[in-house]
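Q: Please take a close look at how the helices pack in this structure, and describe one such contact in detail before turning to what surrounds the others. I am new to this structure, so a connected account would be welcome.

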Amino acid sequence: MTITTASGIDQLLHTLTTEFGEEKIGPLLRVSDRWTAKRPDADMDAWSKAMTLEALSFMDEEEPYWTFVAARIYLQQAYRAIAAKRGVEAGDVYTAFADYLHRETEKGLYDNRLIEAYTKEELEEIGKLIHPERDQLFTYIGLKMLMDRYVVRDFDKTPVELPQERWLTIAMTLMQNETENRLAKIAESYWAMSNLYMTVATPTLSNAGKPYGQLSSCFIDTVDDSLQGIYDSNTDVATLSKYGGGIGVYMGKVRSRGSSIRGFKGASSGVMPWIKQLNNTAVSVDQLGQRQGAVAIYLDVWHKDVFAFLDLKLNNGDERLRAHDIFTGVCLPDLFMEKVDAREEWHLFDPHEVRTVMGFSLEDFYDESRGKGSFREKYEQCVQNEQLSRETVQAIDIMKRIMRSQLETGVPFMFYRDEVNRSNPNKHEGMIYSSNLCTEIFQNMSATEFQSIQLEDDVIVTRKKPGDFVVCNLSSINLGKAVPADVLDRLIRVQVRMLDNVIDLNMIPVPQAERTNGRYRGIGLGTFGWHHLLALKSIRWESDEAVQYADELYGTIARLTIQASMELAKEKGAYPLFEGSDWQTGAYFDARGYEGEEWQSLRAEVQENGMRNGYLMAVAPNSSTSIIAGSTASIDPIFQKSYSEEKKDYKIPVTVPDLNAETTWYYKSAYFIDQQWTLRQNAARQRHIDQGVSLNLYVQNTIKAKELLDLHLAAWKQGLKTTYYVRSTSVELLECESCSS
């Protein structure tokens, strides 16, 4: 059915004029008059598309409100399209939620578990929670991104779901197994998402309530040094990538090129061929048909293959030694950074030979304190043992190769392994070798070991000893909206519950990952909108005030998150490995200098009641979901105040959030900000975050090597756990969408 002419157009123009004022809407009114005069028989959809483009064409730094005008027109267009499908008027499109859900479930568009978990009466009550007016919170690009990529679509790929129904479906999905006050908890979750106070991870946003896909963001595997282990790991990576997960892979245990195999010297081809294989897996196994897989490989800086590893993504050299579709990360002990700073020698070893000759694995140790500890002791034993072959180089030469690759490709990521493990609240149960695709998840890791394969009753049975295969469950606070609204306490309580429920709802197709998820019940509550919030509070990025505010705000967020997890433990029980953890002993609070009555009271409650989650906080990149929520990405500064968001099928003008005569002075471009201030902010922030932060460094392509080196040394000296991309003005980088939350 075509909805035509004047009545619909006049009604929409009247609504826009009432909301924005005739003076602001005037240019659109005049264009509309000219357009309809030329095309008097045009239908409403044609008019809407034309007026949306006109509204966007008026948008610039001086008049950013046009994004909301365009969003209103686009919204009415979406209402009309879906109302026609449902056989109702556009104004009634949000009614009869229960009937809608049953009808679309019968078509196979929603998971049957939703209508099995809730009675028809409950669904009717849940439907009353919808606030259609909250659709008006979206910018045009946020609304378009949500409708294009995340709402439920039919088999012709046409949207059948509207924004408020997406939020409500996610809330219903995550709260379906709650036993007390379930509808009230759904209402709280819906309140948090529909007001754009928070976002869930991209897999949750995309897959919750649908009959396919999983809800967790990404995974981290440790590859065993065996042929079976390497191939099994590749299969697991492919399986998880198929279901929408981004993968981090630690390959530091795999022997180097020229190592022996079963005593035959020089037989091993090293890690490069296996990385090439993972590269092919990432390309071949896409994520639900939406995007190709994404894999990050981590290797220790003392591994003999490190030079070839650092050149993997370069655009020149031997293509047989290149893997352009994976991302790289290098694991750096304090000792290496000390050697770089002092311009001293560094020794590269084969991990297999170290295990064979020394009787220990060098990667299994870290320095328990700054300047002393187990790693440097074991490393020195290796240096002194003449039976061990090694390659001796200048530490600064490795760092030069790292920086060269970063300026050309943006990677490798920097993983400061000693600081990560010193801060690990679960060091009593293992250690952390590397991170995930976006460098913000740090949880205990270990390799799954193959044991046997045999035929039993005409069935092939494979036995493995499961390792810790890390799972990331992410969600993020929209600082630019939640802090001004003063809702952090209420928000974090429901957010932690939502994240904890993801753990039990997820159907992870890799058994060791499901096991690890249950053992630690790790979550990653993060934030975005930091630059947005600074601008609203009139705080300059390059200031001591911003550093102090980062310390205060993230201290508050950490306290509220710990409190929420502790209260969940009282209700549902502590995570299985709580006993002996830094949470249980109180060492977590001591290490961070948490003093004062409020902190000491919380410490006592944690020791008495336990923690529901072994890992709590992680700040992800949030590139896509921050756009949907109308704020700035992660803890990053903005690129520009006004720019065009370009995807393969559109180019949309965008301005930074809440841009006006007051905030414009506090929006400074990332490439003109002194990155030392960014590092100071993150050092203050990192103290309160048990896991990590996806921290980008923004540099000009004319930066001198010494300046970039100074940034890396400063990051390490200030106790940062990782840095993510080095974003040069000459490099275009892809975002990890799995970790957006």
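A: In this predicted model, helix α21, formed by residues 488-505, and helix α24, formed by residues 544-572, have axes that come within 9 Å and cross at roughly 50°. The two helices, α21 and α24, are therefore oblique to each other. The crossing in which α21 passes α24 is right-handed. On the side of α21, the residues that take part are Leu-488, Asp-489, Ile-492, Arg-493, Val-496, Arg-497, Asp-500 and Asn-501. They meet a set of residues in α24 that includes Leu-553, Ile-557, Leu-560, Thr-561 and Ala-564, and also Ser-565, Glu-567, Leu-568, Glu-571 and Lys-572. Sorted by class, this contact of α21 with α24 contains eight nonpolar, three polar and seven charged residues.

A second part of the account concerns helix α18, which takes part in two of the contacts described here. Residues 395-409 make up α18, and residues 705-717 make up helix α30; the axes of these two helices come within 11 Å and cross at roughly 100°. That angle makes α18 roughly perpendicular to α30. From α18, Ile-396, Met-399, Met-403, Gln-406 and Leu-407 meet Ala-705, Leu-708, Leu-709 and His-712 of α30. The contact of α18 with α30 has seven nonpolar residues, two polar residues and no charged residues.

Helix α18 also meets helix α15, which spans residues 334-342. Here the axes of α15 and α18 come within 8 Å, and they cross at roughly 100°. As a result of that angle, α15 and α18 are therefore roughly perpendicular to each other. Phe-336, Met-337, Lys-339 and Val-340 are the residues of α15 in this contact, and they meet Ala-395, Ile-396, Ile-398 and Met-399 of α18. Ile-396 and Met-399 thus appear in the contact of α18 with α30 and also in the contact of α18 with α15. By class, the contact of α15 with α18 has seven nonpolar residues, no polar residues and one charged residue.

Between α18 and strand β10 (413-416) there is a loop, and Pro-412 lies in that loop. The peptide bond leading from Val-411 to Pro-412 is cis, with omega near 20°. Another backbone feature is found at Arg-521, which has a positive phi of about 50° although this residue is not a glycine. Arg-521 lies in the loop between α22 (511-520) and β15 (524-528).

The account ends with the enclosed spaces. Four cavities of 30 Å³ or more are present in the structure. The largest cavity has a volume of about 80 Å³. Its lining consists of 13 residues, and those that lie nearest the centre of the cavity are Gly-229, Asp-232, Ser-233, Asp-236 and Thr-448. Two or more lining residues come from each of β2 (218-222), α12 (227-242) and β11 (449-456). Helix α12 gives the largest share of the lining, four residues. By class, the lining of the largest cavity divides into two nonpolar, five polar and six charged residues.

Key: Residues numbered from 1 in each chain as written. Predicted model: local features only at pLDDT ≥ 70, side-chain atom pairs only at ≥ 80, totals over all residues. Heavy atoms only, no water. Axes fitted to C-alpha atoms, helices over the stretch in contact; angles between N-to-C directions. Parallel < 35°, antiparallel > 145°, perpendicular 65-115°, else oblique. Left-handed = near helix turned anticlockwise from the far one by under 90°. Contact = heavy atoms within 4.5 Å. Nonpolar A, V, L, I, M, F, W, Y, C, P; charged D, E, K, R; others polar. 1 Å grid on protein atoms, 1.4 Å probe; cavity = no way out; pocket = protein on both sides within 12 Å on 5 of 7 lines; lining within 4 Å. Points joined across faces, edges and corners; volume = space filled by probe spheres on them.
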